Amino acid sequence: MMSKVIPGAAAAIAALCLLSPATAATVDLSANAWQIVTLHDVSSATLDFTLASGGSSYINYGGYIKWSTRADGRQTGDGPWGTCYDCGYAGGGWDLSYNPWNLAGSTTSKAVTVDFGGTQESVYLYIRATYGAGLLSYAEAAPAAEPEPAQPDLPAVPLPAGGVLLVSALALAAMGRRKAA
């Protein structure tokens with residue numbers, strides 16, 4: 001079992017349409033292998049599955065995706081019954097095949113988008129290949145930039161009004177000196 005944590009406020013996989021730049025990550029998956037990806041502050045994710053085509057024999061590759069907001073893999077309302085990666089929410093699946101005798105019937109890649117029903121603080125994707133072997137590709141988002149320190153919100157004084165205030169203050173000061181003399 002492999003685990004991958006993707007940090008940052010703009011964590012994303014593939015086409016999440018968030019603003020941070022991303023780098024590609026590719027993982028080999030084989031039958032009954034789990035890939036666990038942790039995301040932060042996301043509302044959806046896109047995973048790309050590919051099967052190497054070529055050669056002279058039939059090849060297939062498939063599996064499914066589950067997701068949870070809990071690290072134990074369970075749905076939100078479940079009790080503390082231990083880790084269960086198959087107990088989360090359904091995220092879709094893939095079924096790819098290469099047939100050298102029917103190339104038109106071959107499907108060697110598929111993109112699966114998982115919608116989390118709104119922005120989630122933390123999401124755990126559990127990706128399992130149930131047969132065959134192939135690649136899982138996704139984009140890793142760069143860590144979010146540190147926020148700039150907040151500037152105090154001071155009300156702006158328009159320049160003409162500032163000039164009037166200055167002239168008024170000087171006039172009052174001058175009048176005060178005349179009365180004192």
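**Strand β5, its partners and the nonpolar core**

S97 lies in strand β5. The model is predicted. In this model, S97 has a relative accessibility of 15% and therefore counts as buried, the limit being under 20%. S97 is also the bridge partner of N60. Leaving out residues up to four places away in sequence, S97 touches L51, Y58, I59, N60, G105, S106, T107 and T108.

The bridge between N60 and S97 introduces the pairing of two strands. β4 and β5 run antiparallel to each other and are joined over nine bridges. β4 is largely enclosed by the rest of the structure, because seven of its 10 residues are buried.

The largest nonpolar core has 25 residues. Those that touch the most other members are L29, F49, I65, W94, F116, L125 and I127. At least two residues of this core come from each of β2 (22-30), β3 (33-50), β4 (59-68), β5 (89-98) and β6 (109-141). The most are given by β6, which supplies nine. A separate core of five residues lies apart from this one, and its members include W34, Y85, Y124 and Y126.

I65 illustrates the contacts made by a member of the largest core. Neighbours within four places in sequence are again set aside. I65 is then in contact with L47 and F49, and with Y89, A90, G91, G92 and W94. Its other contacts are V112, V114, L125, Y126 and I127.

Aromatic rings also meet in this structure. The count comes to eight aromatic pairs. One of them, formed by F49 and W94, is stacked, with 3.7 Å centre to centre and 10° between the planes. F49 belongs to strand β3 and W94 to strand β5, so this pair ties together parts that are 45 residues apart in sequence. Both F49 and W94 are buried. Elsewhere, one aromatic cluster is formed by W34, Y64, Y85 and Y126. Among these, W34, Y85 and Y126 also belong to the core of five residues.

The structure holds one disulfide. It is formed by C84 and C87, whose sulfur atoms are 1.9 Å apart. The link of C84 and C87 is right-handed, with 70° about the S-S bond. The two cysteines fall into separate accessibility classes. C84 counts as buried because its relative accessibility is 17%, and the limit is under 20%. C87 has a relative accessible area of 25% and is therefore partly exposed.

C87 also takes part in contacts of Q75. Q75 is found in the loop between β4 and β5. With a relative accessible area of 31%, Q75 is partly exposed. Not counting residues up to four places away in sequence, Q75 touches R70, C87, G88 and Y89. Q75 and Y89 are 14 residues apart in sequence, while their C-alpha atoms are 6.5 Å apart in space. Y89 is likewise a contact of I65.

Confidence varies along the chain. The mean pLDDT of the protein chain is 78. A value of 70 or more is reached by 70% of its residues. Over residues 1-22, pLDDT stays under 50. For these residues the model has 75 contacts beyond four places in sequence. Where pLDDT is low, the predicted coordinates should not be read in detail.

Technical notes:
Residues numbered from 1 in each chain as written. Predicted model: local features only at pLDDT ≥ 70, side-chain atom pairs only at ≥ 80, totals over all residues. Heavy atoms only, no water. Core = buried A, V, L, I, M, F, W, Y, C linked by side-chain atoms within 4.5 Å. Buried < 20%, exposed > 50% of the residue type's maximum accessible area, 1.4 Å probe, protein only. Helix = DSSP H or I, 4+ residues; strand = E, 2+ residues; numbered from the N terminus. Contact = heavy atoms within 4.5 Å. Pairing = 2+ DSSP bridges. Disulfide = S-S within 2.5 Å. pLDDT = per-residue confidence, 0-100. Phe/Tyr/Trp six-rings, centres within 6.5 Å; stacked < 30°, edge-to-face > 60°.
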